[in-house]
Amino acid sequence: MTRRQRRRLVLGGEYGIFVIAVVLLVALADWRSLHENFFNWSVAKGLFPDIITVGLRNTVLYTVTGFALGLAGGLLLALMRLSSVLPYRWFAMAYIEVFRGVPALLIFIFVGTGIPLAFPGSNLPGGVYGQAAVALGLVSAAYMAETIRAGIEAVPRGQTEAARSLGMSQSRAMRTIVVPQAFRVVIPPLTNELVLLFKDSSLALFIGVSLTQRELTKFGRDLASQQGNTTPIVVAGICYLLITIPLGYLARRLEERQKRGRR
């Protein structure tokens, strides 16, 4: 048997295994139970429009505000990480390692319960919205900092040297020459970070949200418990996909565009 024939035989076997697995899954599944408990249209209709006007709206609000805080904090940490001042570098390194190593859930719990205990009488602006935004910002800043730092280091050093030769200060060259070029490089990974942050916004339920402050996961779980049916969770998952799939597609297109630009 030739190499091409063996390759075709192996490929045919892989397709056969896949087809058999799909047939078994279809044959063994209880489709009536799946329809009644996961895809019940009468239950799904009762979720609208609240799942959009409350759940999805709050999820987007938490994500956007958290992303904005994380982007600002990530840029600051990246600049501190590259600073010639040793304490700045130590602080940035410690922050990045701690917040990348600790589960995001613990950060939400700390922001929701730890900060009020550590600073009695202090309240973050916006209440639950502010707490969720700060928690998401603290977590995302650590990841964005490394992404932005890599983008800054990807800018050719000659760009900075040319700016300095024109009389620009180091800070001005970084602000007007290096950072704008770095952001062109890091837009695709930052888009991926936005997708991850959109899903992490579900942890806001551990802060203690009211009925009007529920995000998609909390909204779906509450309705599923009330009605004894998991259709609300499925609908909440579809709402997540309506946001994350276009964002993922956008990130892939941006990456492909950058690859074509480098050729």
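Let me start with Val26, which in this predicted model counts as partly exposed, at a relative accessibility of 44%. Val26 sits in helix α1, and it belongs to a nonpolar patch on the surface, in the company of Phe18, Val19, Val22, Val23 and Trp31, with about 590 Å² of accessible area for the group together. If you look for where this patch comes from, the largest share, 5 residues, is supplied by helix α1, which covers residues 3–28.

There is also a patch of positive charge on the surface, where Arg184, Arg253, Arg257 and Arg260 gather. Here the largest share, 3 residues, comes from helix α11, which spans residues 231–262. Arg253 is one residue of that helix, and with a relative accessible area of 41% it is partly exposed, because that value falls between the 20% limit for buried and the 50% limit for exposed.

Now to the aromatic rings, of which the structure holds 4 pairs. In one of them, the ring centres of Tyr62 and Tyr129 are 5.4 Å apart and the planes meet at 40°, so this pair is described as tilted. Since Tyr62 belongs to helix α4 and Tyr129 to helix α7, residues 128–154, the pair ties together parts that lie 67 residues apart in sequence. Are these two tyrosines buried or exposed? Tyr62 counts as buried, at 0% relative accessibility, whereas Tyr129 is partly exposed, at 25%.

Another tilted pair is made by Phe91 and Tyr95, whose ring centres are 6.4 Å apart and whose planes stand at 35°. These two residues both lie in helix α5, residues 86–101, and are separated by 4 residues, about one turn of the helix. Tyr95 counts as buried, with a relative accessibility of 14%, and together with Phe91 and Phe99 it forms one aromatic cluster.

Let me finish with two prolines. Pro49 is joined to Phe48 by a cis peptide bond, with omega at about 5°, and Pro49 is found in the loop between α3, residues 41–45, and α4, residues 50–81. Pro116, by contrast, has its place in helix α6, residues 104–118, and counts as partly exposed at 31% relative accessibility. How far apart are Pro116 and Leu79, in sequence and in space? They are 37 residues apart in sequence, and from C-alpha to C-alpha they are 30 Å apart in space.

Notes
Residues are numbered from 1 along each chain as its sequence is written. This is a predicted model: local features need pLDDT of at least 70, side-chain atom pairs count only at pLDDT 80 or more; totals for chains, interfaces and linings use all residues. Side-chain values use heavy atoms; hydrogens and water are left out. Patches are made of residues with over 30% relative accessible area and no salt bridge: like charges are joined within 9 Å, nonpolar side chains (Val, Leu, Ile, Met, Phe, Trp, Tyr) within 5 Å. Accessible areas come from the Shrake-Rupley method with a 1.4 Å probe; for residues, only the protein chains shown count as cover. A salt bridge is a side-chain nitrogen of Lys or Arg within 4 Å of a carboxyl oxygen of Asp or Glu. Lys and Arg count as positive and Asp and Glu as negative; His and the chain ends are not counted. The place of a charge is taken as NZ of Lys, CZ of Arg, CG of Asp or CD of Glu. Buried means under 20% relative accessible area, exposed over 50%, partly exposed in between (1.4 Å probe, protein chains only). Rings of Phe, Tyr and Trp (its six-membered ring) pair if their centres lie within 6.5 Å; planes under 30 degrees apart count as stacked, over 60 as edge-to-face and the rest as tilted.
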